[in-house]
Amino acid sequence: MKILVAATGGTIGSAAKDGVISTDKGQTLLLLELFRNAYGNVAEFQVETLCSVLSENADDTFSETLCGFLKTVNSRDCDGVILLHGTDTLSFSAALCAMAVREVTKPVCFVSSNHVLTEKDANGLANFYAAVRYIEAGFSGSVVPYRNSDGQTQFHLATRLLEADAFLDDFHSAGDCPLAWFKDDKIICNSAPCVPAQSLLQEKRTPVFNEAIRFSKKILPLKMYPGLNFAAITPNSKTCAAVLLLGYHSGTAPEKAVEAFAARCFDAGIPVYLAPVKRGEDVYASADTLFKGKVIPLYNMTPESALAKLKIAYNHPTKPAAEILKETLYFEDTGVFSPQYE
């Protein structure tokens with residue numbers, strides 16, 4: 001079994017010195033050494049260093065690098081890919097890469113670590129091992145294996161992963177509905193109807209981009225909180241292609257403030273979107289007013305997938321954004337949740 005390991009930095013590629021954590025390219029070799037000591041030579045690893053940054057410093061150039069690398073995977077001599085990434089922006093990169101380079105037919109596992117590898121409770125090695133087993137089992141898809149603080153390891157579909165908890169460093173899937181569980185060294189697939197089966201993940205998909213991917217047009221995400229001063233925010237169409245309002249859990253945002261803000265954006269030629277919004281439910285009066293006005297709902301998507309889809313839509317070289325937004329790119333529509341717990 002041949003596995004391509006792509007290093008980008010992050011905590012899994014960092015070391016601590018004098019109380020400061022910084023990237024250290026030697027940590028990838030340490031990870032492979034720890035793996036071989038624990039599990040033997042079960043795979044042949046080919047290592048490539050794409051960059052070496054802490055993931056909070058990831059920008060659109062970083063995203064272009066990841067997408068450019070993944071564009072080459074189908075022609076590479078490997079059974080799968082493990083992309084080492086920091087935890088801070090893991091959910092954002094995973095969603096963007098999965099959608100922008102959906103044509104990858106080999107399994108792609110985004111692997112991170114809650115702490116530097118030398119700490120006793122670091123989960124980087126456990127996450128890496130789960131990724132190896134996923135590839136070894138012949139599974140498909142862009143996934144994130146991660147062991148939470150309760151000791152349970154789950155496989156998350158890349159477009160369903162939510163940002164990590166700030167205190168326990170735990171990751172969860174939208175609706176707490178992961179793709180699979182890793183228990184007793186076995187991968188147990190989730191049979192919930194909202195989760196795609198392996199047969200769907202294995203299907204060939206046409207590329208979204210037929211050329212090099214560039215994210216030159218910017219999306220402005222605004223996270224809702226009580227008292228957000230929209231009057232102080234004036235997007236410029238030269239630097240902002242669209243605005244994404246990251247609303248409250250019920251698909252809402254402050255009605256009067258957003259209505260005025262969206263009208264200003266509309267006059268400037270800047271569309272305004274709201275996510276997450278659940279489809280098929282009665283909406284609150286505040287949301288109903290916004291949707292009848294200048295705000296466009298993005299249904300059934302995580303905030304990360306909504307942002308990724310807008311970046312793809314507004315940077316596509318040939319298709320209008322509206323056309324891309326109507327298409328399901330990579331299982332980002334969460335559907336109706338009905339978790340199945342093992």
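This passage describes a helix, a strand with its partners, and a buried histidine in a predicted model.

Helix α4 covers residues 124-136. At 1.5 Å a residue, its 13 residues should span 18 Å. The end C-alpha atoms lie 18 Å apart, which agrees with that expectation. Of the 13 residues, 10 are buried, so α4 is largely enclosed by the rest of the structure. Among the buried residues are Phe128, Tyr129, Val132, Tyr134 and Ile135. Gly124, Ala126 and Asn127 are also buried. Just after the helix, Gly138 adopts a positive phi of about 85 degrees.

Strand β12 spans residues 242-246, and 5 of its 5 residues are buried. Both of its faces are covered. Ala242, Leu244 and Leu246 lie on one side, with Val243 and Leu245 on the other. β12 runs parallel to β11 (residues 219-223), joined by 5 bridges. It also pairs in the parallel sense with β13 (residues 272-277), over 4 bridges. Val243 takes part in both pairings: its bridge partner is Leu220 in β11 and Val272 in β13. Helix α6 (residues 255-267) completes a right-handed β-α-β unit with β12 and β13.

His316 sits in the loop between α8 (303-314) and α9 (321-326). Its relative accessibility is 11%, under the 20% cut-off, so His316 counts as buried. A polar atom of the His316 side chain lies 2.8 Å from the backbone oxygen of Val208. The side chain also reaches the backbone nitrogen of Lys319, at 3.1 Å. Beyond its neighbours within four places in sequence, His316 contacts Val208, Phe209 and Ile324. Val208 thus appears both as a polar partner and in this list of contacts.

Key:
Residues are numbered from 1 along each chain as its sequence is written. This is a predicted model: local features need pLDDT of at least 70, side-chain atom pairs count only at pLDDT 80 or more; totals for chains, interfaces and linings use all residues. Side-chain values use heavy atoms; hydrogens and water are left out. Helices (H or I, at least four residues) and strands (E, at least two) are DSSP runs, numbered from the N terminus. The expected span of a helix is 1.5 Å times one less than its number of residues. Buried means under 20% relative accessible area, exposed over 50%, partly exposed in between (1.4 Å probe, protein chains only). A polar contact is a pair of N or O atoms within 3.5 Å; within protein, one must be able to donate a hydrogen and the other to accept it, and residues adjacent in sequence count only if both atoms are side-chain atoms. Contact means heavy atoms within 4.5 Å. Two strands pair if DSSP finds at least two bridges between them. A crossover is right-handed if, with the strands pointing away from the viewer, the path from the first strand over the helix to the second runs clockwise.
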